[in-house]
Amino acid sequence: MHVSLGYGDIILSDQNYLLDRDQKTNTYKLAYAYWGNRLKVNSLAKVISQNQDALLNKYAETFNNKNTFKNKQINLETLLNYRVKAKLNLQLLVAYNNYKAENYRALEGINYRVNHFSLHTQFLTKLSDIAPNLHLEIGLDSYFQSTKKNDYAIGSSKNYSSTTNKLFINTLYKKSNHLYHFKLSPLIHRKLSNDLFIAPAQQNNFTQQVIWVDYLYHQKNKWALQTQLGYANTSWIKNYTVYLGLSANILMSKKQTRNSILASLKLYL
């Protein structure tokens, strides 16, 4: 249940020979844009559907087994920018995603089913020149996700949902050929549900080393603090901008803590 068609599908596929496969994918997109004096709106709707039929022969016997895989993905996204006044802009992002997939075999019946849903919202306030050459961004970011998986071939199921909320403060100071950047983002990740069922007969190395490890990871609530310092210079190398970055992240969950520091060097045309 943690690969494309589920662990049970691997077992069934190993027992079959692939004779033929036919796949069709349809993609539909609709975009909308409005740019007024104060308000700008950009929206995108996308639907992707895929149908795959495979003809299998079990142990080279006289009968064939038809395998059907279907999935459908819906993405909706809208970005709004509103200029309150010359130095104050507001931005709102709303993004919705839904993914459904199902695997069906003519002999075994429904083998695998997954339904994933997510909603991402972000509100951002942009303040320009709050002091000479100093710009500030303050925002809230919220992400909700829910996933339901059923691997009928081995009799296992999982239901997981969580929220991640983040506050971020971003400052930018630019003068002449120099640019200074600082970002601070505290984050809270909270588990809403995490239910797992595994049939007693399917307790094996895969369930112990993959499924249970994944379950225990999603069982924990997490807190994090992300910071980033950056400096950019446009005069060191002709026609290039050199960016030096240093970021530090602290991730906490109950009595466990993970720290990381990353230094980076980037060149921009």
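This report walks through the strands, ring contacts, salt bridges and nonpolar patch of a predicted model.

Local features need pLDDT of at least 70 and side-chain atom pairs count only at pLDDT 80 or more, while totals for chains, interfaces and linings use all residues. Residues are numbered from 1 along each chain as its sequence is written, and side-chain values use heavy atoms, with hydrogens and water left out.

**Strands and hairpins**

Let's start with the strands, which, like helices, are DSSP runs numbered from the N terminus (E, at least two residues; helices are H or I, at least four). Two strands pair if DSSP finds at least two bridges between them. β6 and β7 do so in the antiparallel sense over 18 bridges, and Thr147 has Tyr160 in β7 as its bridge partner. The two strands form a hairpin with four residues between them, and Gly155 in that turn has a positive phi of about 70°. β7 also pairs with β8, again antiparallel, over 17 bridges; here Thr171 stands opposite Phe182 in β8. Two residues lie between β7 and β8 in their hairpin, where Ser176 in the turn has a positive phi of about 55°.

**Salt bridges**

A salt bridge here is a side-chain nitrogen of Lys or Arg within 4 Å of a carboxyl oxygen of Asp or Glu. The whole structure holds two of them, tabulated here with their closest N and O atoms.

| Salt bridge | Closest N–O distance |
|---|---|
| Arg113 with Glu102 | 2.8 Å |
| Asp214 with Lys158 | 2.3 Å |

Asp214 in helix α2 and Lys158 in strand β7 are 56 residues apart, so this pair links distant parts of the chain. For burial, the cut-offs are under 20% relative accessible area for buried, over 50% for exposed, and partly exposed in between (1.4 Å probe, protein chains only). Lys158 counts as buried because its relative accessibility is 10%, whereas Asp214 is partly exposed at 22%. In the other bridge, Arg113 is partly exposed with a relative accessible area of 31%, and Glu102 is partly exposed at 28%.

**Rings and charges**

Lys158 has a second contact: it lies over the face of Tyr160, 5.7 Å from the ring centre. The charged end of Lys183 likewise sits over the ring of Phe168, 5.8 Å from its centre. The rule asks for NZ of Lys or CZ of Arg within 6 Å of the ring centre and within 35 degrees of the ring normal.

Rings of Phe, Tyr and Trp (its six-membered ring) pair if their centres lie within 6.5 Å; planes under 30 degrees apart are stacked, over 60 edge-to-face, and the rest tilted. The count comes to six aromatic pairs. Among them, Tyr180 and Tyr231 are tilted, at 5.1 Å centre to centre and 45° between the planes. This pair links distant parts of the chain, with Tyr180 in strand β8 (residues 178–197) and Tyr231 in strand β9 (residues 222–233), 51 residues apart. Tyr231 is buried because its relative accessible area is 17%, while Tyr180 is partly exposed at 42%. Ring pairs join Tyr173, Tyr180, Tyr231 and Trp236 into a cluster.

**A nonpolar patch**

Finally, what makes up the nonpolar surface patch of about 600 Å²? Its residues are Leu92, Val94, Leu119, Phe123, Ile138, Leu140, Leu167 and Ile169. Patch residues have over 30% relative accessible area and no salt bridge; nonpolar side chains (Val, Leu, Ile, Met, Phe, Trp, Tyr) are joined within 5 Å, like charges within 9 Å. Accessible areas come from the Shrake-Rupley method with a 1.4 Å probe, and for residues only the protein chains shown count as cover. Ile138 is in strand β6 and is partly exposed at 37% relative accessibility.
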